[in-house]
Amino acid sequence: MKKALIFLTIIFFSNLIGIYYGMYMTWWFDMSHHFLGGFFVSMLIFHYLSGVKTSSKLKDYLIIIGAVSFIGVVWEFAEYLASQTLIEPLYTHFGFRAYFIGDLDDTINDLLMDILGGFTFIFLRRK
């Protein structure tokens with residue numbers, strides 16, 4: 001759990017830096033953060049499931065990927081809402097332009113990277 005919290009802290013601060021410096025306009029920064037987000041969610045769910053008896057590893061893996069997918073979709077809704085409500089206030093009060101969401105291709109790529117991050121964690125943790 002400690003590793004997951006350290007991982008989350010790194011993602012959080014690099015996200016703030018990326019927003020401030022406009023790094024989300026580059027494809028690699030956005031994709032890497034979605035990948036790391038899926039990886040992080042997998043870490044948390046895996047930690048939770050290690051304390052719960054389930055019937056099989058396949059069931060655990062499906063729960064992990066389901067949770068990653070669900071949180072990825074919720075995140076995309078949050079990005080959409082942020083793009084509708086926060087762009088102008090951030091510029092007005094803090095002096096920088098923020099970028100929250102792109103087009104449909106961007107959203108699909110974001111969800112794909114979330115899921116790939118989840119699968120990567122499962123692949124690295126399988127036993």
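Which residues have the most contacts inside the largest nonpolar core? In this predicted model, they are Phe40, Val41, Met43, Ile45 and Ile64, and the core that holds them has 14 residues. The elements that each give two or more residues to this core are α1 (2–20), α2 (27–50), α3 (57–85) and α5 (104–125), and the largest share, 6 residues, comes from α2. As a general background, nonpolar side chains in soluble globular proteins tend to be buried together.

**The chain as a whole**

The chain contains 5 helices and 0 strands, so that, read from the N terminus on, its elements run α-α-α-α-α. Along its principal axes, the C-alpha trace spans about 55 × 30 × 25 Å. Of the 127 residues in the chain, 32% are buried, while the surface that the chain exposes comes to about 8,600 Å², with carbon and sulfur atoms supplying 73% of it. When contacts with a separation of 6 or more are considered, 67% of them join residues that are 24 or more positions apart. The charged side chains number 9 positive and 10 negative, and the centres of these two sets lie 24 Å apart.

A careful reader will also want to know how confident the prediction is. The average pLDDT of the chain is 87, and 95% of the residues score at least 70. Confidence is lowest in helix α4 (residues 87–94), where the mean is 78, and highest in α5, where the mean is 94.

**Four residues side by side**

The table gives the relative accessibility of four residues, together with the class that follows from each value.

| Residue | Relative accessibility | Class |
|---|---|---|
| Histidine 34 | 6% | buried |
| Glutamate 76 | 6% | buried |
| Isoleucine 63 | 33% | partly exposed |
| Arginine 126 | 47% | partly exposed |

Why does histidine 34 count as buried? Its relative accessibility is 6%, and the class of buried residues takes in values under 20%. Histidine 34 is found in helix α2, and, leaving aside its neighbours within four places in sequence, it is in contact with Trp75, Glu76, Glu79, Asp110, Met113 and Asp114.

One of these partners, glutamate 76, is found in helix α3 and counts as buried because its relative accessibility is 6%. With neighbours within four places in sequence again left aside, glutamate 76 is in contact with His34, Ile101, Thr107, Asp110 and Leu111. Asp110 is thus listed among the contacts of histidine 34 and also among those of glutamate 76.

Isoleucine 63, which lies in helix α3, counts as partly exposed because its relative accessibility is 33%. Outside its neighbours within four places in sequence, isoleucine 63 is in contact with Ile45 and Leu49. Isoleucine 45, one of the residues with the most contacts inside the largest nonpolar core, touches Ile63, Ile64 and Ala67 when residues up to four places away in sequence are not counted. Isoleucine 63 and leucine 36, by comparison, are 27 residues apart in sequence, and their C-alpha atoms are 18 Å apart in space.

Arginine 126 is found in the segment after α5, and it is partly exposed, with a relative accessible area of 47%. Along the chain, arginine 126 and threonine 85 are 41 residues apart, and their C-alpha atoms are separated by 42 Å.

Definitions and conventions:
Residues numbered from 1 in each chain as written. Predicted model: local features only at pLDDT ≥ 70, side-chain atom pairs only at ≥ 80, totals over all residues. Heavy atoms only, no water. Core = buried A, V, L, I, M, F, W, Y, C linked by side-chain atoms within 4.5 Å. Buried < 20%, exposed > 50% of the residue type's maximum accessible area, 1.4 Å probe, protein only. Helix = DSSP H or I, 4+ residues; strand = E, 2+ residues; numbered from the N terminus. Contact = heavy atoms within 4.5 Å. Areas by Shrake-Rupley, 256 points an atom, 1.4 Å probe, with all protein chains shown as cover. Lys, Arg positive; Asp, Glu negative; His and termini not counted. Charge placed at Lys NZ, Arg CZ, Asp CG, Glu CD. pLDDT = per-residue confidence, 0-100.
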